[in-house]
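Biologist: Please take me through a close look at one part of this model, and then show me how it sits within the rest. I would like to follow the side-chain pairs step by step.

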Amino acid sequence: LIYIFLITLVSAQSDYISFLKSRTHSNIISLNGDDWEIMDEATSEWQRNVVPSSYLSKGSLLYRKKIFIKKSMKYNQNIFHIGGIQNNAIIRINGEVLASYHYNGAPFKFIIDPTKLYFDQENTIEIVVNNVLDFTSSFPRKIISIHPEQTGGITKDIYIESIEPHPVGDVQLNREDKSVSFALTQLEQDSLRYYNFRIGLLFRTLDLDTIEYTESFQVGRRLNSSKVTVDLSRVFRRSKQDLLEQNLYLETTVTYLQNKNEYPKPKHVQFFSVEKKEVPLKLIAKVEQFSEENYLEQIKDDVEKIVSAGFNGIYFPTDYPHPMYDYYAKKYNLRLFVGVPTFSLTESQMKLAETKTYIENYITKADHYSGVEFILDNMSHSEINKTLANEFNIHAIFGNTLYYNGKTLPVFLPKAGKHGDLDGFLKPYSEEYQAKELREFIKRHSSEEFLIFYYNDFKTPLSDVIQIQ
């Protein structure tokens with residue numbers, strides 16, 4: 001018997017696809033929606049289902065969906081993106097296995113072999129999802145249940161990104177030299193003399209506001225190399241915003257010119273992040289993701305409250321964060337921490353070699369956001385955690401202690417309160433009660449140490465905490 005629990009993330013996830021489309025000139029084909037069919041292998045019966053969603057079972061489900069692939073995508077690079085699956089999956093297109101997934105909710109992507117697609121006709125996508133934890137083909141869950149049933153499913157966005165061949169590649173933004181360089185990738189050296197080129201550069205913020213635009217300039221037959229370098233010192237000087245110290249998108253446009261003919265090419269958009277300066281971590285907000293109606297608005301509201309309260313890090317212990325958290329982390333210069341799947345104490349002692357394999361694969365093979373830091377979250381055993389943390393250059397939590405860069409720091413774990421309870425701090429577990437506990441905890445510890453607590457239980461602005469800092 002399969003119990004299907006549809007998560008109320010579908011409209012929100014569609015909103016995320018719209019957000020994603022606004023930030024890329026690639027063609028995004030959403031695979032979300034209510035037109036999936038699922039089949040329990042035990043019953044061989046098909047039923048309609050929504051993706052993203054989750055189910056509670058102790059076996060596998062076959063997901064199936066048909067999509068139309070345009071002929072225009074034939075010469076594009078087509079990338080299959082998986083936001084997250086619990087826990088393992090095999091991905092088939094038109095009956096052929098193209099990829100396997102073993103990343104326990106983390107994002108993953110692969111390039112689709114174009115010979116496996118039917119262009120200008122329907123294609124069948126099948127995803128076999130298995131949530132059984134056998135410790136040989138899967139990563140362990142963050143918290144391993146003693147019950148055979150486990151949450152499973154395609155729990156985050158899935159989509160295909162179709163990228164047209166770009167006329168430019170190897171784009172480099174050199175902030176020190178105040179220059180941009182790139183290569184004209186679609187022309188051989190001998191062909192350069194046949195064209196002039198009109199080039200434009202546009203800088204945008206993470207919110208897509210235009211920062212600076214370089215007037216279109218022309219280069220041509222004087223090129224003796226496909227490499228183009230543009231001096232931006234004048235642009236950097238005149239800009240009202242500091243282009244050296246912020247994350248930004250760089251949009252490059254190239255038009256081929258021959259006689260009186262113009263051949264505009266697809267825009268190339270690339271994100272450039274600023275290397276984060278090492279600052280002492282004071283407060284990390286430990287966040288549990290909720291499935292709420294206005295999910296993207298809730299993420300925005302949560303992060304803005306986290307920032308206003310003086311936090312400079314967010315930690316996700318049990319599920320990989322929605323990509324909007326990564327967007328806001330970059331926007332507000334927050335550190336982003338993710339819990340690494342781990343065994344319980346007994347299993348860690350018995351299967352240390354397997355544990356190391358899982359951790360290494362999780363860190364190196366999943367498609368993690370840039371700048372993510374990993375925390376091994378095992379409350380049971382300090383020495384095993386320290387050994388693994390040192391070996392993989394990550395952090396670890398055990399008990400009320402955080403092992404961070406070779407130091408042990410205190411962790412604040414508030415009592416789980418009723419969400420939205422505003423009855424006053426004399427009532428245990430209310431927001432005011434937790435705020436009072438947190439303020440007293442901060443007073444007892446050095447400002448160089450940092451704390452972790454469940455922010456979602458605790459929605460007040462924390463103005464008193466800011467004053468203490």
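Modeller: What follows starts with the whole chain, settles on one strand and its partners, and then moves to other parts.

Please keep in mind that this is a predicted model. The chain holds 9 helices and 30 strands. Of its 469 residues, 51% count as buried. The chain exposes about 22,600 Å², and carbon and sulfur atoms supply 48% of that area. Among contacts between residues at least 6 apart in sequence, 69% join residues at least 24 apart.

The part I would pick for your close look is strand S20, which covers residues 248-258. Let us begin with its aromatic side. The count of aromatic pairs comes to 15. In one of them, the ring centres of phenylalanine 197 and tyrosine 256 are 5.4 Å apart and the planes stand at 85°, so this pair is edge-to-face. Tyrosine 256 belongs to S20, while phenylalanine 197 belongs to strand S17 (residues 196-204), so the pair ties together parts that are 59 residues apart in sequence. Both phenylalanine 197 and tyrosine 256 are buried.

Now for the charged side of the story. The search of the whole structure finds 12 salt bridges. Side chains of opposite charge can pair when their charged atoms come close. Here arginine 204 forms a salt bridge with glutamate 251, with 3.7 Å between the closest N and O atoms. Arginine 204 lies in S17 and glutamate 251 in S20, so this pair, too, ties together parts of the chain, in this case 47 residues apart in sequence. Arginine 204 counts as partly exposed because its relative accessibility is 23%. Glutamate 251 has 9%, which is under the 20% limit, so it counts as buried.

Glutamate 251 has a further partner, as its side chain also meets that of lysine 267 in a salt bridge, at 3.6 Å from N to O. Lysine 267 is found in the loop between strand S21 (261-264) and strand S22 (268-272), 16 residues from glutamate 251 in S20. With a relative accessible area of 35%, lysine 267 is partly exposed. Through shared partners, salt bridges join Arg204, Glu251 and Lys267 into one network.

For another salt bridge, look at lysine 116 and glutamate 96, whose side chains meet at 3.2 Å, N to O. Lysine 116 sits in the loop between strand S11 (108-111) and strand S12 (121-130), and glutamate 96 sits in strand S10 (residues 96-101), so the pair ties together parts that are 20 residues apart in sequence. Lysine 116 is partly exposed at 23% relative accessibility, and glutamate 96 is partly exposed at 39%.

Next, a helix. Helix H4 spans residues 323-331, and 8 of its 9 residues are buried, so the rest of the structure largely encloses it. The buried residues of H4 include Pro323, Met324, Asp326, Ala329 and Lys330. Tyr325, Tyr327 and Tyr328 are also among the buried residues of H4. For tyrosine 325, the relative accessibility is 2%, so it counts as buried. Tyr327 and Tyr328 are linked by ring pairs into a cluster with Tyr16, Phe19 and Tyr332. After H4 comes asparagine 333, with a positive phi near 60°.

Two more spots are worth a visit. Arginine 64 lies over the face of tryptophan 46, at 3.8 Å from the ring centre. Leucine 376, in strand S26 (residues 373-377), counts as buried at 0% relative accessibility. Leucine 376 and isoleucine 394 are 18 residues apart in sequence, and their C-alpha atoms are 7.3 Å apart in space.

To return to your close look: S20 contributes tyrosine 256 to the edge-to-face pair with phenylalanine 197 of S17, and glutamate 251 of S20 takes part in the network with Arg204 and Lys267.

Methods:
Residues numbered from 1 in each chain as written. Predicted model: local features only at pLDDT ≥ 70, side-chain atom pairs only at ≥ 80, totals over all residues. Heavy atoms only, no water. Phe/Tyr/Trp six-rings, centres within 6.5 Å; stacked < 30°, edge-to-face > 60°. Helix = DSSP H or I, 4+ residues; strand = E, 2+ residues; numbered from the N terminus. Buried < 20%, exposed > 50% of the residue type's maximum accessible area, 1.4 Å probe, protein only. Lys NZ or Arg CZ within 6 Å of the ring centre and 35° of its normal. Contact = heavy atoms within 4.5 Å. Areas by Shrake-Rupley, 256 points an atom, 1.4 Å probe, with all protein chains shown as cover. Salt bridge = Lys/Arg side-chain N within 4 Å of Asp/Glu carboxyl O.
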